[in-house]
Amino acid sequence: MEWADHGFLGGALSVGGSRSLLLAGQLSLASHAWLADHAVSGTVLLPGTVFVELALHSAATTGCTQVEELRLEAPLVVPARGGVRLQVIVDDSDDGSGRRSVSVFSRDDSATESAWTRHAVGILASPSAPAPAVPWPTDVWPPSDAAPVDVADLYERFAALDYEYGEAFTGLQGVWRRDGEVFAEVRLSDRLTAEAISFRLHPALLDAALQGWLAGDLVAVPEDTVLLPFAWQGIVLHATGADTLRVRIGRAGDSAVSLYAVDPAGAPVLSLDALVLRPLGRERLGLTAESAGGALYRVGWRRRAAVAGSVDQRWAVVGEDGTGSSEAAAPRWPVAPVALHADVDSLRAALDAGEELPTVVLADFRTTTGRRADGSRAVGASAGQGARGDGAAADGGSASAVRAGTVRTETRAGVDLLQRWLSDERFVAARLVVVTERAVATGPDEDVPDLDHAGLWGLLRSAQSEHPDRFVLVDVDADASSIAALPAALTGDAPQLAVRAGGILVPEIEPVRPEAGTEQADPEPGVVLDPEGTVLLTGATGTLGGLLARHLVTTHGVRRLLLISRSGPDAAHAGRLTGELTGLGADVTLAACDATDRAALAGVLGDIPAEHPLTAVVHVAGVLDDGAVQALTPERIDAVLRPKVDAALHLHELTAGLPLAAFVLFSGAAGILGRPGQANYAAANTFLDALAQHRRALGLPGVSLAWGLWEPASDMTGHLAEKDLRRMRRSGIAPMTVEEGLALFDRALDRAGNEPVLVPARLDLAALRREQAANGPGAVPVLLRALLPPAPLRRAAPTSAVGEASASAAPPQPDELRGQLAGKDAQARARQLLGLVRTHVAAVLALEERAAGVDPGRPFREVGFDSLTAVELRNRLGSATGLRLAPSLVFDHPTPLAVAEHLGDRLAAEGTADEGAAALSGLDALASALGGMGGDDVRRDIVRRRLEELLALVGGPTPGATGDGLADATVAERLDAASDDELFTLIEEQL
């Protein structure tokens, strides 16, 4: 083995004693974070220039001088997590010409040994011809007759074509164009220059050098495609280690360009005879991403060590009997003393009476206490303890009806708690920690016995998205060590936690990939539907229901369908759907039945013929009623929970004794990701997820599919406006085509035996990276953060850019913002803050003209702001400034100018407070210094003079004056006679 210091490859191994070589290495976003800056249509692709680099290194290793040709056969999708193993094979020359073939292979770290994919093949050669002449006069740069091209506009064009370049790949410094050719100067990112020496030519630099093809329109881009490198010809490297290039790009035939690069001194670096670009349909790129496992996810729970830090905080509990501080609470809570309050209102009353604000407030929703957060007896302590006040048991008091009523009651209690908490601005300085017990599962085999509070997890996740850093969600088990670990768990910054047997776990989304060696492990088979059995489908006449009904017939061989919906045969297009399914050979029964009515549902199930028994259930039905947490009412909660929760529980109970092959619940990613404005819907979804876990623990089939966004507008999503879809895209949710969605349904059924909860979704990781870069990690949904590599360092903006919002630069982060504002006059500060506000308003509304299109004096309501966009703007500005801003920000300050003025006032007040703290810190330092001075220290005279000046500044008597504080002696006399302790006392008196 011959080792080499290369950025991707670790060494070269002779194969079987021949001159053939095997070069091996690996890459990942953890080891090569800059690769995340190269995405196309939301998918991180290994740049074609990396394959060029691998070929050039292989050529140098084998004594060849050029890459005669290199053809790319398949794109390499870089996984968000885990790594990719690389192999480069250079075959021995067999014809005496010195030409050798080269091939590049990869496989995912989690794949099997047989799963290698060939990505590129080529020929290495050894001609000894000198470097070609530079094709332009190098003494003038740029060429005098070339017209400049705006680099920012060029990258805007790339973005419109779905090329998503991050900072590592935006190396163009200048671009100039003349007939049929483009000139460009490119520079390697500052954060990559140190590793340039480990490459022959850094792939990010070469990629940037080639980007000028778009400026000259040298290659046409067909509609609905992206152009990817396909074939390279005549690549010769003349010098290594470059970090700056001057290049000329010209046409080299249809869909091909040539390139010549020199260093700033005009010496050749690389020549390329031709690069052929081939169009690839965006839908094929999406399927490529899916084939890498990027569209089926699950929630994993990662163990987290207790974070070191102080737990000396003021604690309070709401949801306990009695009020006041009680040492007796210590057995139930691992902190003492702790203030006990029946509900939030009693806590507020205590604050009004002068009690100090607690730093941590625990809301106790554990079933073992039998109490809700409002202090009343919890009907959710067991399924048999139900309240009849809301009609939950209207069908005769069945267990499913009682449980459904309890779930709604507990969810309403959670909403009431949040609304009361958010209505008091004093609580901004405290954290509300909602504690449940076994209301969520931390593994596929774990039961969820507390279904009553499972909806709180979706509810709180949405509340966390709307109000970052205000709430923490913790689930514990009954182990005494778990509640004892609560203070240690809360010393970290994780907003969602579970504690099992004292161990701290945090959730994160992770892709579902084949397990290593599954071909030999005889995994549990996926769901197989009996063609002679009956499949029940709820919500069947809706958009998704109809798509799924056809898919069950055409793909899964289902021949007997029982389709139910509230409208049944009277629904629009119901007749056409029935006709289509019948034409496909299915026996279809379409019934009008509200699945929330248990008796009606039982009647429909009772009519299923014995010779075709029910063998599968697919529960699709659901409704939306979106709104911010503060806007939710009991009626809006019940309206969303009933179609999901009540119907699922009725189906669970009524089919418990049947030999079902599948029990599929259509949930939504809103419950797991915490979609803002969908707290009621999120609560319904996390209940379905918990029910699937519970069924698995009972030995019953069950899988909950927490779907992302389907592209076709359905009854549930047809109301979404363009701004709603843009908001979802920014949070990482991209729409799936029908084909993608149905393919994911099939994959989920295959995994149903192993995974009771799956997340089929198309995630736009590039959008998440942009949000993270622009607004910090807090802009990314909590459970998605693990899918992203650590954010790279952002290049500092030039001085000329400070003060006005830049269309292309990310807004400054809080510390940077304060540094930029420091020392500026009031007008300059106001101008910069207004620019910041306009930039974020434009981002929220996705204005094409960006900040320039935001009228500072136009009210927010006139430009389309609603409660959700108001929440998003508040959160963005809070992240940018580091201020805790009120939920009512845009209503209290209804224009961008008013918001900017408010930010200025808040920052000025904060600055004044900081200056006061600095002054007090200075006094502390003075006291320390005086303590070390001897009585004859000459510096005491200096201190005396400075103290006289200090007294004058704070309005105290000057030397020689008389008054209450210095009636008997002048300041000088008192200072002369004062001991160190008396000096300190004098300072305190005058302050």
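This tour moves through a predicted model, from its nonpolar cores to one helix and then to several backbone features.

**The nonpolar cores**

Begin by selecting Phe-8 and Leu-270. In the largest nonpolar core, which has 87 residues, these two touch the most other members. Next, select helix α1, residues 48-61; this helix supplies seven residues, the largest share of that core. In soluble globular proteins, nonpolar side chains tend to be buried together.

Keep Leu-270 in view and display its contacts. With neighbours within four places in sequence left aside, Leu-270 is in contact with Leu-56, Leu-201 and Leu-206. The list continues with Ile-235, Val-236, Leu-237 and His-238, and it also includes Leu-259, Tyr-260 and Ala-261.

Then select Val-604, Leu-614, Val-629 and Ala-684. These residues are among the members of another core, of 73 residues, which lies apart from the one containing Leu-270.

**Helix α12**

Select residues 574-583, which form helix α12, and colour Ala-574, Leu-577 and Leu-581: these are the buried residues of the helix. Why do they lie on the same side of α12? They cover an arc of only 65° around the axis, and this places them on the same side.

Now add α11 (543-554), β28 (560-565) and β29 (587-592), which are included in what covers the buried residues of α12. Turn the view to the face directed away from the buried side, where the exposed residues Gly-575, Arg-576 and Gly-583 are found. Finally, select Gly-585, which follows α12 and has a positive phi, near 100°.

**Positive phi outside glycine**

Which loop holds Ser-255? Ser-255 belongs to the loop between β15 (244-251) and β16 (256-262). Although Ser-255 is not a glycine, its phi is positive, about 60°. Its relative accessibility is 32%, so Ser-255 counts as partly exposed.

Move on to Ala-501, in the loop that runs between β25 (496-500) and β26 (503-511). Ala-501 is likewise a residue other than glycine with a positive phi, here near 50°. Is Ala-501 buried or exposed? With a relative accessibility of 52%, Ala-501 counts as exposed, the cut-off for that class being over 50%.

**A cis peptide bond**

For the last stop, select Trp-141 and Pro-142 and display the backbone between them. The peptide bond that joins these residues is cis, with omega about -5°. To place this bond in the fold, show β9 (117-125) and β10 (147-149) as well; Pro-142 sits in the loop between these two strands.

Terms used
Residues are numbered from 1 along each chain as its sequence is written. This is a predicted model: local features need pLDDT of at least 70, side-chain atom pairs count only at pLDDT 80 or more; totals for chains, interfaces and linings use all residues. Side-chain values use heavy atoms; hydrogens and water are left out. Helices (H or I, at least four residues) and strands (E, at least two) are DSSP runs, numbered from the N terminus. Buried means under 20% relative accessible area, exposed over 50%, partly exposed in between (1.4 Å probe, protein chains only). The arc is that of the directions from the helix axis to the C-beta atoms. Contact means heavy atoms within 4.5 Å. A nonpolar core is a set of buried Ala, Val, Leu, Ile, Met, Phe, Trp, Tyr and Cys residues joined through side-chain atoms within 4.5 Å.
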